Amino acid sequence: MAHSLLEKIKSGVLWDFPGGVHPPERKSMSITDSVDTLPLTDYYYVPLKQHIGVYSELRVKVGDKVKKGQALTFSNHNMAVPVHAPTSGEIIEIGEHVSSHASGIPEKTVTIKSDGLDESIELQPQSHFHTQSKESIIKALQEAGITGLGGAGFPTHVKQQAQDIEYLLINGVECEPYITADDMLMRNYADEIVHGIEVLAHLLEPKLVVIAIEDNKPEAIAALDEACKDKQQFIVRKIPTKYPAGGEKQLIQVLTGKQVPKGSPPAALGIVSQNVGTCYAIYKAIYTGEPLIERIVTITGENLDKPQNVWARIGTPVEHLLNTAGYHPEDINAQKLVMGGPMMGFNLHSAQVPVTKSTNCIIAPTQQELPPAPPEKACIRCSDCADACPASLLPQQLYWHSSAKEYDKAQDLNLFDCIECGACAFVCPSDIPLVQYYRQAKAEIRQAEVEQEKAEQAKKRFEARAERLEKEKEARLAKHKKAAENRKKAMQSDPSAQDKVAAALARVQAKKAEQTENNTDSAQSTVKSKAEQAIELAKAKRLAKQGETKTSEEFSNTNDNENASDNKSKAQAAIERAKAKRLAKQAAQAQAENTEADANITGAQNTTDAQSDTKADTKSVAKAAIERAKAKRLAKQAAQTQAENTEADANTTGAQNTTDAQPDTKSVAQAAIERAKAKRLAKQNAQAQAENTEADANTTGAQNTTDAQSDTKADTKSVAKAAIERAKAKPLAKEAQQIQTEHDEANASEPKLEENNDKSLQAASSASDTKAKAQAAIAKAKARRQQSDDNAEMNNATQATHEHVDISSDNKAKARAAIERAKARRQQAEQQTNEAASVEENDHDSEQKVRIKAAIAKAKAKREQGQ
Amino acid sequence: MSFKLASSPHTRKNNKTGNVMLQVGIACIPGIATQVYYFGMGVLIQILLCCLVAVLTEAICLKLRNRPIKHYLDDNSAVLSALLLAICLPPLAPWWVATIGTIFAIALVKHAFGGLGQNIFNPAMAGYVVLLISFPLSMTSWLPAASLIQYDLSITDTLYTIFTGYTTQGYSVSQLIADIDGFTMATPLDAVKTGITAGYTSDEILAGNLFDNGSGIGWMQVNIAYLLGGLYLLKTKFIKWQIPVSFIASLTFFCLLAQGVSTDTVAPVWIHLTSGATMLAAFFILTDPVSASTTNKGRLVYGALVGFFVFAIRTWGGYPDAVAFAVLLANMCVPLIDYYTQPRVYGHTEVNK
């Protein structure tokens, strides 16, 4: 098959590509007898990257003297080709300069001030390339900075590394109107081109070399025919003039009838194609040793006096070319410069744009010559564009989808197979700038892809983190469960506990009786204080939110640190810190959602978690302390919010923290600080209570102190009463069990609650400090009332019972006592509210105001911190 | 120095939409001239009326849509739609028929869908169908060819009839189109349809004086004139060959197929091809780029589909001619046709689906 194809090609068979257009050629304008060399100018601007591939590293610095042909960048990557000094002189700047790109976006450019001497480096020709290894020739091509001179600027040496090449196609088609650079090169330098092709053929060892030239360049065809007459393997093929026959893919189709498969290079078909200009550059590099520092550029257009082709050094500003050709714009206000041809070229932003390796033409047209595009009209679906498309796309449908930003549909219609040749826009009767729509769509799709990739990476990171956090949380929960069980066991083994309970029951009974007498209505005052509570709550929420924002920022930092650091203890501390914050945050949110009691307990609990975890790590005590302080602050926020809403919770937290802190012998000092904080908190809350409900804290405190003391003063009467209560409590407990099964969500708070109580009790009995006792007692009381505040108090109270029953049937009495106590507390609370009603209105208000003010101040402080 | 910036390409073919539309209109001239010759000046009056209304409607619609009026009027699309609609109207149809049809075609069929290029249906045909359904009497009262008519109609008479319903002598349209016996003279396709329904064979029907051994006096000549205009458009590449060829081939194919099954109850092929709006449809109506298929393969399918619909409706449907309905039906299939007839893109091994 391949053999017959070879025969076909040899016999002169040509294929056609679909579509194509015949724009007015206007090539004769710039055809002259010879190609002059442009005189030197003062400044050259050499962009560092003039090829497709990677940036090459700079090897010179400002102030360096360079010689003509000296490499300015390294070629230390296969896809990097160096750029060279176009003349001798001094590097005066390495910085941004307007680029020779449609966008004109400045790019890194070396500015050379010419010294006028044009001194060259010592050249090292390799004219005996046949005797050298292919690697060294390929390296030489790379060192010479040779890229495709046809337009795309693909590094030539990369193409030459291809294996199993059957056809080497030499592209002398030059299908774009106006441009005659290749034509002039072929006419005047045919032998040199053939020498260059020989180098390529030596490297690739193709079966056949086809030099393709459009039939509108008979002189060029004749010149190459002459130069190739001794070469058996070389065929000069005249192809029909049709734009864009010079496109690599189209040329391959014309010469071989094959289409380059999507996503593959032509080498996949055993084909390599090179531009004639590239062949000349290869000749120069191998035969004379001169790197690619100049090329032929067509300067044409009716605004020029002398349209022509010149040898221009790479880096020459366009202005210099224009001046040489005699630029006299007919209309100073409507000047337009095109770099490249009229079909695919782009407008220049500035005449300071330098000539690059890919620059083949500068057009300075008059208004009539290349008139500005008329305003776009409606697409009439004539599909002339489809008929013109060399890639067999459906340009008008691409246009519909691109302009409607339906990029997925545009991609389905193979938007990315568009070579932007401009044939569709050329034929469009409605003057729609189709290519512009495609470019925009492509750019936006690429942008979206980049963003999507980023998002996916972020998602992966996030998931990995969430998983890790979840594991850590589970581990922590397991640890705490164990600790709680240990405590329960300790409680059970303490015989004094039962007595205490009995005593407490008795007291409760007494209180109850007292309360019933004092029970008066106080709706008015309650309503008022409720409103104020609502305000407080709102403020607290805002505070919590601010805290949230801050913590999330801190959290991400923490996460980074954690990744970076190899210090395990630090990392752990950081994790704990972050968790504590997050959980505290959750707590705050949860409060906001009016599941106050549960959330707060969780928050408090987790704060404690964070503490104990960090404490366990002796290496990071200092850090842990800071973290604890932060956690405290958050807990405090939460506590305050709660306190303002339901008073009791904060104390629980405080007390709990205290209790937690105490057993830790290693950080006694810190514990003391914690205690102090907790106390202050407790005090604050106590005050708040006092203001609101007249010495609630004191009463409760006193009562609980008695609780603690009553271990030694066993009252027989109370024992009897306790028995009665026990009897009463039994059916209640049963009921509670039922309710509990119906209220699963309540379960979560149970163990914690109990834990709180246990801790408080422990604290009360063990601490010698009476104040601490009192606090613990308060905490206990608060925890109870918190329970009762939480929607179904009965349920909660009996939950405790249930819990106790679960643990040990011996402790039933204790549990019942607890229920009774809880009831008593509730009634007491009601009573307190009643008492609050009796407080004078003014006094009450002013107190509230003070509190509100304090809260505002606090909120402000928090926000500042947050910011 | 500051430079003007524009996107490539910087050069354009000088073939503008307005010119395309104009050329299509010019290619109608032989057909219109023949129509005037056989059916009187009424045709020209309808064309003028429709074009005037179309331009006004277009201008108002553009104004309402905040589009530059002159810029879009320049594309000549409204005038062309109106022209094609006017050609299809009976020459003596009342003025308000033409007006309503044109307004509907421009305002509703075109602009309501987003203006030129966005309309799903062919405006002229949609306008025609609306008129046919709404005013069946006026729309089916075709004047017989001038040689068959009993009265001489001057241009004044025509104007009077169009704008008042009566000639200067007071004849109404139904009187004008009646034959000597007082029966309404039908169009050839009408005659074929009623004849076959009444049990005549196609040969018997064609023996009538209406046909004069052809496919109906006037009608055949008009069709040939439009064919000539169409060939001009093909030659100048203002239209593509796929649709006319596949349409005519498809109509012929189905006609021959049916004749093979039942010769006597199907009108012969030449009647189908040279009667009614066949040639006008093939070259001027189906080739409306906006509402036709946009791929080359799709155009073949589209033309064939219309050919089938035309034959089916003419043979079994309730209307004697069927181009308008067939076109609208095929218009609805266009997105589907386009989707399944995408060309294989360069370098792809198979067609994208």
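Q: Let's start with a term: what does buried mean here?
A: In this predicted model, accessibility sorts residues into buried, partly exposed and exposed. Buried means a relative accessible area under 20%.

Q: Are A:Y189 and A:W311 buried or exposed?
A: The cut-off to keep in mind is 20% relative accessible area. Both A:Y189 and A:W311 fall on the same side of that limit, as each is buried.

Q: How are the rings of A:Y189 and A:W311 arranged, stacked, tilted or edge-to-face?
A: Their centres are 5.4 Å apart and their planes stand at 80 degrees. Planes over 60 degrees apart count as edge-to-face. The pair of A:Y189 and A:W311 is therefore edge-to-face.

Q: How many residues apart are A:Y189 and A:W311 along the chain?
A: A:Y189 sits in the loop between helix 4 and helix 5 of chain A, while A:W311 belongs to strand 11. The pair links distant parts of the chain, with a separation of 122 residues.

Q: Which residues form one aromatic cluster with A:Y189 and A:W311?
A: The cluster is in chain A, and A:Y189 and A:W311 both belong to it. Joining them are A:F129, A:Y280, A:Y283 and A:Y287.

Q: Which residue of the pair B:F311 and B:W316 is exposed?
A: These two rings are edge-to-face, at 5.7 Å centre to centre and 85 degrees between the planes. B:F311 is buried, with a relative accessible area of 2%. Exposed means over 50%, and at 62% the exposed partner is B:W316.

Q: Why are A:D183 and A:R187 separated by about one helical turn?
A: The two side chains meet in a salt bridge, 3.2 Å from N to O. A:D183 counts as buried at 3% relative accessibility, whereas A:R187 is partly exposed at 25%. They are about one helical turn apart because both lie in helix 4 of chain A, at a spacing of four residues.

Q: Which residue of chain B meets A:D387 in a salt bridge?
A: A:D387 lies in helix 10 of chain A and is the chain A end of a pair that crosses between chains. A:D387 is partly exposed, with a relative accessible area of 32%. The partner is in the loop between helix 13 and helix 14 of chain B, and counts as buried at 18%. At 3.4 Å from N to O, that partner is B:K240.

Q: Which lysine lies over the face of A:F17?
A: A charge sits over a ring if it is within 6 Å of the ring centre and within 35 degrees of the ring normal. At 4.3 Å from the ring centre of A:F17, the lysine is A:K242.

Conventions:
Residues are numbered from 1 along each chain as its sequence is written. Chains are lettered from A and ligands numbered from 1 in the order in which they are written. This is a predicted model: local features need pLDDT of at least 70, side-chain atom pairs count only at pLDDT 80 or more; totals for chains, interfaces and linings use all residues. Side-chain values use heavy atoms; hydrogens and water are left out. A salt bridge is a side-chain nitrogen of Lys or Arg within 4 Å of a carboxyl oxygen of Asp or Glu. Helices (H or I, at least four residues) and strands (E, at least two) are DSSP runs, numbered from the N terminus. Buried means under 20% relative accessible area, exposed over 50%, partly exposed in between (1.4 Å probe, protein chains only). Rings of Phe, Tyr and Trp (its six-membered ring) pair if their centres lie within 6.5 Å; planes under 30 degrees apart count as stacked, over 60 as edge-to-face and the rest as tilted.
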